[in-house]
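This report describes the fold of one protein chain, beginning with its overall architecture and ending with individual residues. Please keep the sequence and the structure in view while reading.

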Amino acid sequence: MLIKKSDLPKVLAELKKLYPKVVIPLNHKNAWELLMAVILSAQCTDARVNQITPHLFQKYPTAQSLAAANIKDVEKIIHSAGFYHSKALSLIESSKRICEVYGGEVPQSMAELLTLRGVARKTANVLLGDYFNKPEGVVVDTHVKRLSFRLGFTRQTDPVKIEQDLIKLIPKDRWQWIGIALILHGRSICPARKPNCMACPLAPWCPKNGVK
């Protein structure tokens with residue numbers, strides 16, 4: 001069941017009350033550090049990433065230094081993030097391309113970001129919307145995917161198709177905010193196994209809750 005168009009503004013208003021200002025939960029000082037952190041965050045908690053990146057960025061403070069790193073050394077630092085070989089390779093190769101193709105600066109378009117190893121639309125949307133303030137889409141992770149389905153924003157299960165539905169449904173000036181807001185709501189009130197519908201301000205308009 002899809003959410004009623006008349007209910008959407010009410011749902012967004014309640015979310016805005018809960019999460020008026022969203023902050024990326026990954027510690028970073030610049031766009032390159034954020035990119036590296038988001039790559040590391042795949043199937044890993046933000047808290048774990050924030051434990052890893054201080055050591056990583058102390059040893060490799062720039063894209064140039066990480067581009068020249070030995071992959072075994074990087075693997076040792078990021079081992080606890082899981083999938084450490086693939087992630088280490090992505091960190092190094094994306095840093096190399098940033099240096100060789102983009103003059104050491106993280107590119108600021110979807111097309112260019114997607115040429116970097118380890119970067120898909122989710123990662124690119126985080127950089128574009130939440131760092132550069134140039135949103136080209138909506139961040140869709142597992143929380144956004146789950147809540148978008150539960151709230152009746154979409155009937156799709158593929159992240160790319162979910163994003164396209166959200167782009168059509170959500171006003172563009174809220175693309176940057178909605179992804180992080182849904183992630184925070186998914187963690188705090190609407191987890192996968194036991195959603196706390198009794199405590200959820202969105203319950204009156206949630207098709208999944210069977211109210212509407």
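The protein chain contains 11 helices and zero strands. Read from the N terminus, its elements therefore follow the order α-α-α-α-α-α-α-α-α-α-α, and the radius of gyration is 18 Å, close to the 17 Å that the globule rule gives for 212 residues, so the chain is as compact as a globular protein of that length. The model is a predicted one.

**Overall dimensions and surface**

Along its principal axes, the C-alpha trace spans about 55 × 30 × 30 Å. The accessible surface of the protein chain amounts to about 10,700 Å², and 54% of this surface belongs to carbon and sulfur atoms. Of the 212 residues, 49% count as buried. Among contacts between residues at least 6 apart in sequence, 60% join residues at least 24 apart. The chain carries 31 positive and 17 negative charges, and the mean positions of these two groups are 8 Å apart.

**The nonpolar core**

In soluble globular proteins, nonpolar side chains tend to be buried together. Which residues touch the most other members of the largest nonpolar core? In this core of 70 residues, they are L35, L56, L66, V74, I78, L91 and V106. Helix α2 (residues 31–40) supplies the largest share of the core, namely nine residues.

V74 illustrates how such a residue is surrounded. Leaving aside neighbours within four places in sequence, V74 is in contact with L56, Y60, L66, A69, A88, L91 and I92. Among these partners, L56, L66 and L91 also appear in the list of core residues that touch the most other members.

**Two residues with opposite surroundings**

T53 and E100 may now be considered side by side.

| Residue | Helix | Relative accessibility |
|---|---|---|
| T53 | α3 (residues 46–59) | 2% |
| E100 | α6 (residues 84–101) | 66% |

Is T53 buried or exposed? With a relative accessible area of 2%, T53 is buried, because the term applies to values under 20%. Leaving aside neighbours within four places in sequence, T53 is in contact with N27, A37 and L40. A37 and L40 fall within the residue range of helix α2 (residues 31–40).

E100, by contrast, counts as exposed, because its relative accessibility of 66% is over 50%. Its C-alpha atom is separated by 9.4 Å from that of Q64, although E100 and Q64 are 36 residues apart along the chain.

Notes: Residues are numbered from 1 along each chain as its sequence is written. This is a predicted model: local features need pLDDT of at least 70, side-chain atom pairs count only at pLDDT 80 or more; totals for chains, interfaces and linings use all residues. Side-chain values use heavy atoms; hydrogens and water are left out. Helices (H or I, at least four residues) and strands (E, at least two) are DSSP runs, numbered from the N terminus. The radius of gyration is taken over C-alpha atoms; the globule rule is 2.2 Å times the number of residues to the power 0.38. Buried means under 20% relative accessible area, exposed over 50%, partly exposed in between (1.4 Å probe, protein chains only). Contact means heavy atoms within 4.5 Å. Accessible areas come from the Shrake-Rupley method with a 1.4 Å probe; for residues, only the protein chains shown count as cover. Lys and Arg count as positive and Asp and Glu as negative; His and the chain ends are not counted. The place of a charge is taken as NZ of Lys, CZ of Arg, CG of Asp or CD of Glu. A nonpolar core is a set of buried Ala, Val, Leu, Ile, Met, Phe, Trp, Tyr and Cys residues joined through side-chain atoms within 4.5 Å.
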